[in-house]
Amino acid sequence: MSVWDEVVGQPRVVEVLQRAAMNPATLAHAWLFTGPPGSGRSVAARALAAALLCDLNTSEANTSEASATQFSTSNASTGATNSGTQPPGCGVCNACRTVHAGAHPDVTTLATDKVTMGIDEVRSLVGLAARTPVSGKYRIIIIEDADRMLEKTTNVLLKPIEEPPPHVIWMLCAPSPADVLPTIQSRCRAVTLQVPPLQAVADVIVQRDGVDPATALAAARQAQCHVGIARRLARDPGARQRRSSVFDTVLRIGSAGQAVLAAETLVKVAKEEAEASSNDRNAAEEAELRRVLGLEPQGTVPSALRTQFKQLAEGQARRAKRANNDVLDRTLLDVMSLYRDVLVLQYHASARVDLINGDDPVGRNAAEVIARHSIPAETLERLDAVTTARKRIAANVPPLLAIEALCATIYPKARR
Ligand SMILES: [Zn+2]
């Protein structure tokens, strides 16, 4: 499987990145990947990083006009193995696999667990950029949350991004170009990812995880095309159950006391889901790192390799902290999907518009009951309340407080 298969439902982006990887003479040294959560910004950045360092990406292939032209006519979207020239990013060479496992010495990824990214973290990256790459090809720095940099932090990056040493590639990721300063935007080559199509997300789950097509499609719809979430929902019955319990909790809010309890339950469910999904991902990453380093799945790690495992563990710990808030935000998106379904039912539009939770009996029932006992104006008010709660949590308000305020808005009219 090539690294491009990970970039789901973005054929045009894949084509642009593959062409870039094959033409070092015109390669941009600063990239800005934007797209909604789940569209795969950092996945796309990592695929480009792997392709640049891929063993197939020899200087010969780089300068060969023929190979670039030949490839551009093949099918980039499916990643089908072309009989002629294979684009770099094979997914099987040592470089591709170490980049994928987050263990390549020339690829540094910065993600923050804080609301804003520290200026010292960014300064240390600038220092790192000055060092010669181990592979002799490129040193690649991926900043996953470029939107979380304050202006003074961004300023530290301006010069390094404008005049990088020839071996350095910066890759910044943000939800939209407007989330980074214009001075950064203008220095970067923009790559815009879209929400992948429903069917593309379902197909990738069927192919990669061997899930049956109906479950895959339901999961993709419930995850609203967020690839990572859809895969979890498709593979893990526990994740589906936790999601259903969110609807049940919201449905049962019938008094102020219940609103407080419901808030506690929602925060607890999100925490459980965050832990379960981190454990899943951490285990997969460790297994991949072991495979890359040629270690037995359960064997002891030789001392020479311990640093790599330590780095992995540190990155995972940092991610776990922010995973809580991310999952809580997903929980709120699930609540939004419920009220969106309620609105579809209230406007009698379900014949034309699919219910997001139509395949989940608990979610469907909750939507039907709430639709019967409220009017569209109330539903819109509740949708607003969910948006407010999401904004508050993003602004670092303690999650339980924000969710309590939300549940208090939901309750008085829930069972009118
Ligand atoms: Zn490769």
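These legends accompany close-up views of a zinc site and a helix in a predicted model. Local features need pLDDT of at least 70 and side-chain atom pairs count only at pLDDT 80 or more, while totals for chains, interfaces and linings use all residues. Residues are numbered from 1 along each chain as its sequence is written, and side-chain values use heavy atoms, leaving out hydrogens and water.

**View 1. The zinc ion and its protein donors.** Here you can find the SG atoms of Cys54, Cys90, Cys93 and Cys96, lying 2.3 Å from the zinc ion. Donors are N, O and S atoms within 2.8 Å of the metal (3.2 Å for Na, K and Ca); water is not among the atoms, so sites may look incomplete. Angles among the 4 donor atoms run from 106 to 117°, and the site is tetrahedral (four donors, all angles between 85 and 135 degrees).

**View 2. Cysteine 54 and cysteine 93 link distant parts of the chain.** Cysteine 54 sits in the loop between helix H2 (41-53) and helix H3 (59-63), and cysteine 93 in the loop between helix H4 (65-72) and helix H5 (94-100), 39 residues apart. Helices are DSSP runs (H or I, at least four residues), numbered from the N terminus. Cysteine 54 is buried at 0% relative accessible area, and cysteine 93 also counts as buried, at 11% (under 20% relative accessible area, 1.4 Å probe, protein chains only).

**View 3. Buried residues of helix H9 (residues 198-209).** Look for Val201, Ala202, Val204 and Ile205, which are buried. They lie on the same side of H9 because they cover an arc of only 160° around the axis, taken from the directions from the helix axis to the C-beta atoms. Their cover includes helix H10 (213-222) and helix H11 (227-235), with contact meaning heavy atoms within 4.5 Å. After H9 comes glycine 210, with a positive phi near 65°.

Technical notes
Helices (H or I, at least four residues) and strands (E, at least two) are DSSP runs, numbered from the N terminus. The expected span of a helix is 1.5 Å times one less than its number of residues. Buried means under 20% relative accessible area, exposed over 50%, partly exposed in between (1.4 Å probe, protein chains only). Four donors count as tetrahedral if all angles lie between 85 and 135 degrees; four count as square planar and six as octahedral if opposite donors are over 155 degrees apart and all others between 65 and 115; anything else is irregular.
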